[in-house]
Amino acid sequence: MSNQLEMRTVYNETLIELAEADERIVLLEADLMRATGTKPFSERFPARTVNVGVAEANMVCIAAGFSTTGKIPFANSFATFASRRVFDQFFISANYARLNVKLVGSDPGITAALNGGTHMAFEDLGIMRTIPGLVVFEPSDPVSLRKLVQCTAEHQGCSYMRLHRGMANILYEQDEQFELGKGKLLRTGKDIALIATGVVMVNEALKAAEMLAKDGIFASVVDMHTIKPIDRELIVQLAETCSVIVSCENHQVINGLGSAIAEVLVETLPVPMARIGVKDMFGEVGSFDYLIDRFELTAAHIVSQSRQLLLRK
Amino acid sequence: MLSEQDLFLLKEKANQIRILTLEAIGYLGVGHVGGCMSLVEVLTLLYYRHMQVDPQDPRKRDRDQLVLSKGHAGPTLYSILADKGFFPGEWLHTLNKGGTRLPSHCDRNLTPGIDMTTGSLGQGLSAAIGIALGNRLDGINSTVYAIIGDGESNEGQVWEAAQAAAQFKLNHLIVFTDSNRLQLDGFMNEVMNIEDLVAKWHSFGWFTQRVDGHDFKQMDEAVILAKGQEAKPSMIILDTIKGKGVAFAENQPANHNMKLDYATAQQVISMLQSGIGEEHE
């Protein structure tokens, strides 16, 4: 399909563009360059590419040291290793030290598919959300990916980006502007608000909205690309206009997007809410199509949860 | 080479730093006496003989840098930084008090002259590699020093960093292991033995030396040899005495983090003050 692009290719191209304009940009890898798609960057900027081998902890602390010299390091790994394996390194050497490390975790949630449960990050957003001041985001399409990577390069401080590796629908016009911490209203409806994050769930939420519309239920759909800081204003506005909210994430319902939204609602305008996400389960191996159904993340699941939720309105 | 005069001045300075550090810990009543005392000589040698740093411009881009990976030895480094004028000496009496600029473990955002935040053991050597890589990209030839503990070397990440620094041929990286042979729970050969350190670092591709960590001449010569390396990072293993200079604490497993009340600290300080007189004669 011509309206799709491979996310890792867009990520790599964006990094090269940034690095051409700004010599502070450096790339750190832990032997996953072929997977994260940054080989072209390393060929274009060999001196600014550091591959540490299979040693993610070392990579994150090298990135921290690098940033003390004014460099802007992007450090890549799979979302599992970038979060679970190096939490203390990222917490202390990068964040507690108030440095400027851009950590990127690819293959989030069920997109790890055939790599299976060991490689399936359902908790990385939750892990990262507990780090004070960290910016945590997950782009939903190639355009927002490009723009948000530019935003995070300009941001002074650490960030964690969840990167969908494969193909993704283009959802935005090329000139759409993005801001970290400001969600995007993709579709406006008065009956229910579907707040989603990431490629998989924003697309499923859009499909669910179409399905609901056929039954005369009009849903707002939000691309909540930034999980922290969460867009409180937009959440409250949706609670006011729609009165019920469904969160949609390719992640545990514990401490991810749904939790972040619920925290805002209970302190501002409590409204009935449902959380679409993985329900306190470990990942497992399988095809994407198997897993999205197994963990109840499809548009059909969103529709069914939405109907139940509307009964509470 | 150190002249006799250099040597005399370094010894005198080390004694002064030891006293300042014990004062700071004594003022608080508790601290990492063991690891602070074992590092007095090496830190004195670095800051008064080898490192190019500017107290007026602590973040000067081409300065030499030190990552004190065993961050709990911060108080010794604070005494040196205060003595060199990075911040007022009175700060030393605020060690570990609420709101202090001198926390138990080094913090680059709180203390002028601290180059890297440390305290979670195993991470500092990796950070030092990052600093050395950043310097290389910017064409800066200054030296990045790091100090790790022998107990700290139980951490797997130390050996990840050992591979990387050799792979990247970081010849401007000079690392010391404070081999005081004690870790928090006891003697290393009883808890988790890390020897043979020379064989280990050598086999990882480092230019490796082992010297007496309280002997300025040996350490100075080792640093000069390390600086002459063209393709290898350097490891200098320092045989030290944990608690050095505090007679009742030397080599005691309980000295890692111990009580040291003000009166006791003053007694030790008096002994140290008289000790230097003897060395003159």
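Let's start with a strand pair in chain B. Strands E4(B) and E8(B), the latter covering residues 234-239, run parallel and share six bridges. One position to look at is Asp178(B), which stands opposite Leu238(B) in E8(B). Keep in mind that this is a predicted model.

Now the other neighbour of E4(B). Strand E3(B), residues 144-149, is also joined to E4(B), in parallel, by six bridges. Here Ala146(B) has Val175(B) in E4(B) as its bridge partner. How does the chain get from E3(B) to E4(B)? It crosses through helix H6(B), residues 156-167. That β-α-β crossover is right-handed.

Is E4(B) itself mostly covered or mostly open? Mostly covered: the strand spans residues 173-179, and seven of its seven residues are buried. Look at the side chains. Leu173(B), Val175(B), Thr177(B) and Ser179(B) point one way. Ile174(B), Phe176(B) and Asp178(B) point the other way. Both sets are buried.

Next, the aromatic rings. Over all chains, a search of the whole structure gives eleven aromatic pairs. I'll show two, both in chain B. Take Trp159(B) and Phe204(B). Their ring centres are 5.2 Å apart, the planes meet at 45°, and the pair is tilted. This pair links distant parts of the chain, 45 residues apart. Trp159(B) sits in helix H6(B), the crossover helix we just met. Phe204(B) sits in the loop between helix H8(B), 197-203, and strand E7(B), 207-212.

Are the two partners buried or exposed? Trp159(B) has a relative accessible area of 12%, under the 20% cut-off, so this residue is buried. Phe204(B), at 28%, is partly exposed.

The second pair is Trp201(B) with Trp206(B). The centres are 4.8 Å apart. The planes stand at 70°, over the 60-degree cut-off, so this pair is edge-to-face. Both Trp201(B) and Trp206(B) are buried. Put these residues together: ring pairs link Trp159(B), Trp201(B), Phe204(B) and Trp206(B) into a cluster.

Over to chain A, with rings again, but now with charges. The charged end of Arg98(A) sits over the ring of Tyr96(A), 5.7 Å from the ring centre. Lys184(A) does likewise with Phe178(A): Lys184(A) lies over the ring face, at 5.0 Å from the centre.

Now one residue where the chains meet. Ala57(A) belongs to helix H4(A), residues 56-68. Why does Ala57(A) count as buried? Because its relative accessibility is 9%, and the cut-off is 20%. What does Ala57(A) touch, leaving out residues up to four places away in sequence? In chain A, Val86(A) and Gln89(A); in chain B, Gln157(B) and Glu160(B). Val86(A) is 29 residues away in sequence, yet the two C-alpha atoms are 5.3 Å apart.

Last stop: helix H13(A), residues 299-310. Does its length agree or disagree with expectation? It agrees: twelve residues at 1.5 Å a residue should span 16 Å, and the end C-alpha atoms are 16 Å apart. Which of its residues are buried? Ala299(A), His301(A), Ile302(A), Val303(A), Ser306(A) and Leu309(A). These buried residues pack against several elements of chain A. Among them are strands E10(A), 192-196, E13(A), 245-252, and E14(A), 273-278. Helices H9(A), 198-214, and H12(A), 288-294, are also on the list.

Notes: Residues numbered from 1 in each chain as written. Chains lettered and ligands numbered in written order. Predicted model: local features only at pLDDT ≥ 70, side-chain atom pairs only at ≥ 80, totals over all residues. Heavy atoms only, no water. Buried < 20%, exposed > 50% of the residue type's maximum accessible area, 1.4 Å probe, protein only. Helix = DSSP H or I, 4+ residues; strand = E, 2+ residues; numbered from the N terminus. Pairing = 2+ DSSP bridges. Right-handed = clockwise from strand over helix to strand, strands pointing away. Expected span 1.5 Å × (residues − 1). Contact = heavy atoms within 4.5 Å. Phe/Tyr/Trp six-rings, centres within 6.5 Å; stacked < 30°, edge-to-face > 60°. Lys NZ or Arg CZ within 6 Å of the ring centre and 35° of its normal.
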